[in-house]
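Got your viewer ready? Load the model, switch on a cartoon view and keep the selection box handy.

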Amino acid sequence: MIPKVFKEVIDLGDGREISLETGKLAKQAHGSVVVQSGKCMLLCTVVSNYHQSDVDFLPLTVDYREKFAAAGRYPGGFFKREARPSDGEVLTMRLVDRVLRPLFPKDYHAETQVMIQLMSHDPDVMPDAMAGLAASAAIQLSDIPFETAISEVRVGRINGEFIINPTLSQLAESDIDMVIGASADSVMMVEGEMKEISEEEMTEAIKVAHEAIKKQCEAQLRLAEAVGKKETREYEPEAEDEELAAKIHEMVYDKTYAIAKAGSSKHERGQALSELKEEVFESFTEEEQEELGKLIHKYVAKAQKSAIRNLTLDEGLRLDGRQTTDIRPIWCEVDYLPSTHGSAIFTRGETQALATVTLGTSREANVVDMPSFEGEERFYLHYNFPPFSTGEARPIRGTSRREVGHGNLAQRALKGMVPEDCPYTVRVVSEVLESNGSSSMATVCSGTMALMDAGVQMIKPVSGIAMGLISDAETGKYAVLSDILGDEDHLGDMDFKVTGTADGITACQMDIKIKGLSYEVLVKALKQARDGRLHILGKLTDTIATPNSTVKAHAPKMITRTIPGEYIGALIGPGGKVIQELQKETNTTIVINEDPVTEEGIVEILGTDQEGIDKVLDKINAITFKPEKGSIYEVKVVKMLDFGAVVEYTEAPGNEVLLHISELAWERTNNVSDVVNMGDIIDVKYFGVDPKTRKEKVSRKALLPRPPREERKPREDRKPREDKK
């Protein structure tokens, strides 16, 4: 039976389209859709169990995978099967999850899976920009309870013109790369990198993206209506007890307000709030505790949240006693670790990050091998968040999605300030040692200082800050918070991280938990963030004002040399013999890459000993040395022969040529030693390849004055000429 297919088309306004299609694939899923732009096709399915899970949160899984077959390729490595997700796939999962999760009902706890797959790849279409659209469209076609349609778009800007969902080549020319997630009414998520743009320019980019998102939301609703929008399923909501809630609020609110106003440390405050919670719990009988335990915990948390938020809205005070614009105390240190190539500690309040820098050759580049993108990163950053940083003991099961996401944000913040002509591959690793509010921004700050400590000539230093928001829709009150704590992130309405130099924004990540955030509040947050960034930047530059002029003594020095492609083989040698022996002899690392355009060899020499590097350069000079016809060169006699002397070009040690006995002097030379001896330094003229002997010819006598004919000695072996008859 031929399936009935429904389709909606979204016009991007420049000849490109995005289509939404349903009814052909994956019909047993609760919702499925194929999103296509050009040859790029994403299949998204959503399934949600019909029974509530026995947890107090939504067990939502967003999975995004790129199939290598979509690009006509095989998976790399030994196992020819897609396995664990790449960092790029994880980052796309996070982009989608952060927009979807707040829109499910707070009391909906059924296990839900959203699966997005790249089924066909188009090199001119970036699939991650359509993943949010696909996820929302699939949910709209299901009966799963969900507040409203959303979508995500990427926005770029070339020569002042904004572009929605730019191609990869367009993105390379763009000074903005942002992904915005929103509903028709509200912006909910922003993430991206920029080339030192202003706060006003960033706001304008968000507005342009939001207009495009509105059209995509409308298309989803039209498709759902054409198919026949399903009735939202019924589910068992959480039990509520208004009388119990009021009782607990009365027991908890004032005491929490007092604890919050005390301005204590994270540990002291946490202990006081836990004791209050335990006190409330123990005020109930064992039977009541067993029957109402979940509700008691829920209402205590709700009352505590209300008290802490009202303290800020009513008195402008925060949990640690600061005003809304205050930044916590900061101390920094560089060159802390003696054996690393660069290191720095950044401590802000109860958040601390220790960053290290390692310098290497192109061989250490981070290879990115995805169906939608192949390439390598010469600058990359890894972020580690161990459980002890928050005083917890929990299992360590590999790198988390959060660690991948925070590391990527810090990498995007810094990479634009690493100069393009930096000869090294640079790896930054951030170890979060304490965490109470924005360890990713601490990573940016410690990473900046570690790079400068390592001698990487950063264009400008970069700092970062996390902003928060507490608002009351009924009263219209709101407070923008600078340098938020972990609890303020949890209890607040916005988590907005922004990084930049003194001249503009380099990266941002924003998650908004309330509807209808006005652009007025957004601009205020950006302006306040700039003040905070500049304050923090001053602390960084007080510690290390400019990059160290050289790398550390124990760090490798990097020299890059370009050689004609014809000499690559000679430098490598048969089976790599020449280059391997040279590396062993000089204690260096030598990497040779061929430029695909010029076909020249790019030789990277990495070593801690300058003498070893110089020996490698001498060897390269010797191999690639090509004397010019008619030029004069200084040579050294390295071997004496009966018929001449073997000489070595002093500017290319190891490059030798025969100086024939007949080219030593104008007068007859019986013995080579009559003119030159071992070790003599002399000048010779290069004549190129002699057509008779087919060997290179050099001459000493060509540089000497030619004696008059009468002074020339006759050759003894020559017979006198007889007069012709």
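The stops below go from a pair of hairpins to a loop, a helix and a cavity.

First, some ground rules. This is a predicted model, so local features need pLDDT of at least 70 and side-chain atom pairs count only at pLDDT 80 or more, while totals for chains, interfaces and linings use all residues. Residues are numbered from 1 along each chain as its sequence is written, and side-chain values use heavy atoms, with hydrogens and water left out.

**Stop 1: the hairpins.** Select 644-649, which is strand β26. Strands (E, at least two residues) and helices (H or I, at least four) are DSSP runs, numbered from the N terminus. Six of the six residues in β26 are buried, meaning under 20% relative accessible area with a 1.4 Å probe, protein chains only. Show side chains: G644, V646 and E648 point one way, A645, V647 and Y649 the other. In a regular strand the side chains alternate between the two faces of the sheet.

Now add 632-641, strand β25, which runs antiparallel to β26 and is joined to it by six bridges. Strands pair if DSSP finds at least two bridges between them. L641 has G644 as its bridge partner, and two residues make the hairpin link from β25 to β26.

On the other side of the chain, pick 656-660: this is β27, antiparallel to β26 with five bridges. Look for V657 opposite V647. Six residues lie between β26 and β27 in their hairpin, and G654 in that turn has a positive phi of about 95°.

**Stop 2: a loop serine.** Go to S389, in the loop between β16 (379-384) and α8 (401-415). Is S389 buried or exposed? Buried, with a relative accessible area of 6%. Leaving aside neighbours within four places in sequence, S389 is in contact (heavy atoms within 4.5 Å) with V432, L433, E434 and S435.

**Stop 3: helix α4.** Select 199-227 and put a distance label on the end C-alpha atoms: they are 42 Å apart, which agrees with the 42 Å that 29 residues should span at 1.5 Å a residue. The expected span is 1.5 Å times one less than the number of residues. Step on to G228, which follows α4 and has a positive phi, near 110°.

**Stop 4: the cavity.** Finish with E21, T22, G23, K24, L25, S32, V33 and V34, which line the largest cavity. Both β2 (17-22) and β3 (31-37) give two or more residues to that lining; β3 gives the most, with three. A cavity is a set of points on a 1 Å grid over the protein atoms alone where a 1.4 Å probe fits but cannot get out, and lining residues have an atom within 4 Å of a point.

How values were computed: Buried means under 20% relative accessible area, exposed over 50%, partly exposed in between (1.4 Å probe, protein chains only). On a 1 Å grid over the protein atoms alone, a cavity is a set of points where a 1.4 Å probe fits but cannot get out, and a pocket is an open set with protein on both sides within 12 Å along at least five of seven lines; lining residues have an atom within 4 Å of a point.
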